[in-house]
Amino acid sequence: MNIIIVGNGKVGYTLAEYLSRQNHDVTIVDKDKNALTRATETLDVLCVRGNGGNVRSLIEAGAEKADVIIAVTANDELNMVCCLAAKQLGTRYSIARIRDPEYTESLTLLQEKLDIDQVINPERAAAQEISRLLRFPFAMNIESFAHGRVEMVEFLVTDQDDITGEPLSRLHARFPHVQFVAVQRHGEAVIPDGSFVIQMGDRLYVSGEHVAVTRFFKRMAKDTQPIRSAMLIGGGHISYYLAKQLVLLGLRIKLVEINREKCRHLSETLEDVIMICGDGTDREVLTDENMEENDALICLTDRDEENIVTGLYGVRMGVRKVVVKVNRLNTPEVLDELGLDNIVSPKISTANAILRSVRALSHSSSSRIQKVYGMLGGKAEAYEFTALAGSGFLNVPLARLKIKKGVLVCVLVRGRRVIIPFGGDHIEAGDTVILAGKAGSIEDLDDAFTGVEEST
Amino acid sequence: MNRRLIFNLTGAVLLVESAMMMISFVLSLALHSGDHWPILLSAGITLAFGGGFRLIHPATDYLRARDGFAVVALTWVLVSIFGALPFFLSGVTPNFFDAVFEAASGFTTTGATIFIDVESVPKGLLFWRSFTHWAGGMGVLVLSLAIMPRMGSRTIHLMRAESTGPSAEKLVPRMGNTARILYRIYLVLSVIMFFVLLACGLNWFDAIVHTFGAAGTGGFSNYADSVGHFSAPVQTLIGVFCMIFGVNFAMYYALIRRDFKAIWKNGEWKLYFAIILVATGLIALNIFPQCGRNLSQAIRLAYFQVSSIITTTGYATANFDLWPQLSRVILVLLMLIGSCAGSTAGGLKVTRVEILTKNMLRDIRRTVRPRSVNLIKLDGRTVEEETVSGVMGFFYAYMFVILLSAVLVSIDSFVRDVSFESCLTAVVATVSNIGPGLGEVGPMGSFAHFTNFSKAVLTLDMLVGRLELFPLLMLFSPDAWKK
């Protein structure tokens, strides 16, 4: 596809890097010469210097024939204008990053009038990610599929879990209602087969119905007690969205913010939140407010370093769930080793969200891919499809289907039923199919199922 | 430096060269020209080295700017050395320096030859020699980029180092696609020229040799009297085609996309055509008396020579060495200017000359109005100051290389008699990739009489000129080789 990216900041660059690697034709528009020089020299993309809101620059970037425009400059208004102009010129799909909460309220109106197909709000996306994480305190990542029917949870296998030392084929017999989707061991992503043996220290993805997954973790004696209270440090946009969502879920929220003016503003807009004006990195403030009594500590200040230090303090004081916002770090493994395994980065989340919808767009013509979800830091992916009538792989037991190597059929959703498929199960027309594979391994369903073995 | 990657990429180009030799081998067999075994042997040797280099697996495919430059420089040196094998192994040129000179002259599209009697050279070798023009014109690395699948995302450095002009731009986002588009345009134009020449009554071998020579703006011919061998209309046609290949290929891409606005906005080709027009007029007036006061003949001869020289092709229809001084001086100036950036031609390039001139005018304006703010604009766009100083640096380096080489070549005067004119124009003709100069190296002369040392210097000059100086000069900098 022809993709135009306006704004070559962190998000824009990350997007360009991934998209050009996936063989899309990427053109970057930016005003800054240095940013463009870096992109031309390191990526296989075309760079156009100019203002993304300027029609001439957009034409030069090929907006008349482009498939997607992604506006991710620092300026919300410019992003909207870019999308509007590109759409008028003939671009098929537009994605804009709009972060100011002031616009969020009138978003539906704006989106319709400005003809923006998708609005990405990094702060709200991050808030949603955090609120998902709070549902399972031990989980490192949670994602839902098939309109929330199916859940996929990533967690770290510890020495207390009794799923180690046994091949998966036997584990399946014990836990028939969940699927083991992907494993990360020594930094390598593996899609496990029946003979795979889970070890301590693996990062494991399990999927299934919400109830089944919860039951699985209960049997493993994991901490499934829901989070009932949370302390938020820093009163930025993410805190605003997050506090709003968590209050609705019935959590007790304390929000610590150093700036009195901001505190006033937040307490005006947020109901049922205890606002505390103080330095969130100050140990005394944290002790006074009984930080260790909270189920969760969420560090969301503008400074990565402060977030990390406060987060580490929380881990040490035994807070059950610590989430840390880090924006500029390229080496999350380091924080992993320190014990901070729940890291949220709005910029990376934004890039991931856009990548997902671009991938879905590039597939939508042929095979109705509905969702692509990156696992294990993008090394593996889960794909959600709808099986169309007339495909060659329908109504054939999975054991007899030739499935591309390294691809796993994780879950089938048929009507209201969620099926963890075994060799005897088959796919029916209209089923939602969730597949897992290494990143970029699946183009469409026909690519995953290469044929049917003759019955012998 | 990522040496493993450099060798790996160079290997890819040698494989392409070996394939080109195989084509020449097949042709040589078909023509019974008797030189097929040496060509096949050369292809085998090149294949072995290319394949061997290809087996060196790089740890990463991280290609830095200087790695890209090194790949290009090394590739061109090796391609010239391997390209010399057919001449050397067949015994046509027993002196290996001669063989390398001839091969480098082919790939760099110089067209300078050490053959004194070109018509006695077997046809297989003549084809090979012209084929190197065609591949070298657009660039052997760009050719490899077009043919080979995915060579990594940082290949922009390769194209930058190999294409002509102050700033190489991609036509489309993907490097591989850009290379393919360029070669497709090149191929289509060449095929058109080939059929036009056939239609004019040339036999297919003459047509192919002269198509390769004009398309690559090289200038090898299979006749001693060059294009003068053909009838007047054919001469003019070849002149027109030379001129076409001297235009920036991005213009043809814009033409395909029907982006006439972009073509109209581009000032380089207009200036290029204007220079051709003025030079043709002046020379025609100048040689008018010599042509027996035949105006149409004077214009025809002048136009062909101007077109051939400004595009750095170097074909000749008349011995312009015997023309009056004004014409000779104009021709040497045209040698230095060259054609448009992004074409197959050599020389300084019209854009650079335009930037240099505008910069000079700006400096004059500045002395008159010290407080005025002056920007240099090209096609309605401001030229970055970095680009301007880059062009000035390039100009000095170009002159430096020419003057230094002229001194080195004139060392010949210890052993033989050589004129000032031929020393200087031999260097200009090789650095600008033209071929013939004045005096001894004039259109009817040859480079055969130079000493081996001078031939080596001139061979390097051709490579330095084709790669626009810095990639090759960089190889001599010790910093480039440090870890």
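How many helices and strands does the secondary structure of chain B come to? I looked this up to begin with: chain B has 22 helices and 2 strands. Here helices (H or I, at least four residues) and strands (E, at least two) are DSSP runs, numbered from the N terminus.

A note to myself on the model: it is predicted, so local features need pLDDT of at least 70 and side-chain atom pairs count only at pLDDT 80 or more, while totals for chains, interfaces and linings use all residues. Residues are numbered from 1 along each chain as its sequence is written, and chains are lettered from A and ligands numbered from 1 in the order in which they are written.

**Chain B overall**

I looked up the extent of chain B next. Its C-alpha trace spans about 60 × 55 × 55 Å along the principal axes. The radius of gyration of chain B is 22 Å, which agrees with the value near 23 Å for a compact globule with 483 residues. That radius is taken over C-alpha atoms, and the globule rule is 2.2 Å times the number of residues to the power 0.38.

**Two helices in chain B**

I then turned to helix 19 (residues 420-431) and helix 20 (residues 452-466) of chain B, whose axes come within 7 Å and cross at roughly 40°. That makes helix 19 of chain B oblique to helix 20 of chain B. My crib for angles: under 35 degrees is roughly parallel, over 145 roughly antiparallel, 65 to 115 roughly perpendicular and the rest oblique. Axes are lines fitted to C-alpha atoms, for helices over the stretch in contact, and angles run from 0 to 180 degrees between N-to-C directions.

Which residues of helix 19 meet helix 20 in chain B? I found B:Ala426, B:Val427, B:Thr430 and B:Val431, and among their partners in helix 20 are B:Leu458 and B:Met462. Contact means that the C-beta atoms, placed from the backbone, lie within 7 Å. By class, this contact has 6 nonpolar, 2 polar and 1 charged residues. Ala, Val, Leu, Ile, Met, Phe, Trp, Tyr, Cys and Pro count as nonpolar, Asp, Glu, Lys and Arg as charged, and the others, Gly among them, as polar.

**Where the chains touch**

The contact takes 9 residues from chain B and 11 residues from chain A. On the side of chain B, I noted 5 nonpolar, 1 polar and 3 charged residues.

**Sheets in chain A**

I followed an open sheet of 6 strands in chain A, ordered 14-13-12-15-16-17 with parallel pairing. Strands pair if DSSP finds at least two bridges between them. Strand 14 (273-277) and strand 17 (343-344) of chain A stand at the edges with a single partner strand each, so one side of each is left without a neighbour in the sheet. Helix 10 (residues 237-248) of chain A packs on this sheet, and its direction makes about 165° with that of strand 13 of chain A. Strand 12 (residues 229-233) and strand 13 (residues 252-257) of chain A are joined by 5 bridges, with A:Ile233 opposite A:Val256.

I also found an open sheet of 5 strands in chain A, in the order 7-8-11-9-10, with antiparallel pairing. Its twist averages 20° from one strand to the next. Strand 7 and strand 8 of chain A form a hairpin with 4 residues between them, and A:Ala146 in the turn has a positive phi of about 45°. A:Ser144 has A:Glu151 in strand 8 of chain A as its bridge partner.

Notes
Contact = placed C-beta atoms within 7 Å.
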